[in-house]
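Biologist: Please give me a close look at a single part of this model, and then at what surrounds it. How much space lies in the largest pocket, and which residues are the closest to its centre?

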Amino acid sequence: ALDLALEAADWIDRHAYDSAHGGYFGPMTREGATIRERDPAVWNRPVDWLGITLGAKDANISTDMLEPLAMLSAATGGGTAAARLAELAELFVTRLV
């Protein structure tokens with residue numbers, strides 16, 4: 001199970017993580033591309049499930065990452081998960097609060 005969690009975290013880190021500004025993008029295609037516009041074959045709405053414009057980052061996506069990053073960090077003793085968790089905490093304190 002840990003190997004699968006590490007594989008998923010690596011995929012998310014490569015595709016959804018915003019290395020320039022922090023936080024995470026969503027929704028995404030299975031191939032890892034951020035869905036930025038309405039496409040009937042992929043996502044047939046101009047907004048995500050919360051009404052946020054496609055391609056935009058929002059606090060909901062990033063807060064959804066807190067628990068899995070905390071759990072993965074605890075299971076692995078730190079690593080990338082701990083670094084991303086610290087970055088999210090800093091992001092929330094400095095930009096979102």
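Modeller: I will start with the frame, go to the pocket, and then move outward.

The model is predicted. The protein chain has an average pLDDT of 86, and 98% of its residues score at least 70. Helix 1, residues 2–15, has the highest confidence, with a mean of 94. Helix 3, residues 79–96, has the lowest, at 90.

The frame is quickly described. The chain holds three helices and zero strands. In sequence order, that gives α-α-α. The C-alpha trace spans about 40 × 35 × 20 Å along its principal axes. There are 97 residues, of which 31% count as buried. Take the contacts between residues at least 6 apart in sequence: 39% of them join residues at least 24 apart.

Now the pocket. The largest one contains about 350 Å³ of space. Its lining has 21 residues, and Ala5, Ala9, Leu69, Leu72 and Ala81 are the closest to the centre. Each of the three helices, helix 1, helix 2 and helix 3, supplies at least two lining residues. Helix 1 gives the largest share, with eight.

Begin with Ala5. It sits in helix 1. Ala5 has a relative accessible area of 31%, so it falls between the 20% and 50% limits and counts as partly exposed. Its C-alpha lies 7.5 Å from that of Leu72, although 67 residues separate Ala5 and Leu72 along the chain. Leu72 is also among the residues closest to the pocket centre.

The pocket shares residues with the core. The largest nonpolar core has 11 residues. Leu69, Leu72 and Ala81 are among its members, and these three are also among the residues closest to the pocket centre. The other core residues are Ala16, Tyr17, Tyr24, Ile61, Met65, Leu88, Leu91 and Phe92. Helix 2, residues 59–76, and helix 3 are the elements that give two or more residues to this core. As a general rule, nonpolar side chains tend to be buried together in soluble globular proteins.

Met65 shows how this core is joined up. Beyond its neighbours within four places in sequence, Met65 is in contact with Ile12, Tyr24 and Leu88. Tyr24 and Leu88 are themselves core members.

Next, helix 2 against helix 3. Ser73 is in helix 2. At 15% relative accessible area, Ser73 is under the 20% limit and therefore buried. Its contacts, leaving aside residues within four places in sequence, are Gly78, Ala81 and Ala82. Ala81 is again one of the residues closest to the pocket centre. Between the C-alpha atoms of Ser73 and Leu85 there is 8.2 Å, with their positions 12 residues apart along the chain.

Leu85 belongs to helix 3. It reaches 23% relative accessibility, so it counts as partly exposed. Not counting residues up to four places away, Leu85 touches Leu66, Leu69 and Ala70. Leu69 brings the path back to the pocket centre. From Leu85 to Ala70 the C-alpha distance is 6.6 Å, at 15 residues apart in sequence.

Last comes the loop between helix 1 and helix 2. Asp18 is found there. A polar residue can be buried too: Asp18 has a relative accessible area of 8%. The Asp18 side chain reaches the backbone nitrogen of His21 at 3.2 Å. Further along the sequence, beyond four places, Asp18 touches Gly23, Phe25 and Lys57.

Thr34 is in this loop as well. It has 18% relative accessibility and so counts as buried. Its contacts beyond four places in sequence are Phe25, Pro27, Met28 and Gly55. Phe25 thus appears in the contacts of Asp18 and of Thr34.

Pro27, in the loop between helix 1 and helix 2, deserves a check of its own. Gly26 and Pro27 are joined by a cis peptide bond, with omega about -5°. Most peptide bonds are trans.

Methods: Residues numbered from 1 in each chain as written. Predicted model: local features only at pLDDT ≥ 70, side-chain atom pairs only at ≥ 80, totals over all residues. Heavy atoms only, no water. pLDDT = per-residue confidence, 0-100. Helix = DSSP H or I, 4+ residues; strand = E, 2+ residues; numbered from the N terminus. Core = buried A, V, L, I, M, F, W, Y, C linked by side-chain atoms within 4.5 Å. Buried < 20%, exposed > 50% of the residue type's maximum accessible area, 1.4 Å probe, protein only. Contact = heavy atoms within 4.5 Å. Polar contact = N/O pair within 3.5 Å; in protein donor to acceptor, adjacent residues only side chain to side chain. 1 Å grid on protein atoms, 1.4 Å probe; cavity = no way out; pocket = protein on both sides within 12 Å on 5 of 7 lines; lining within 4 Å. Points joined across faces, edges and corners; volume = space filled by probe spheres on them.
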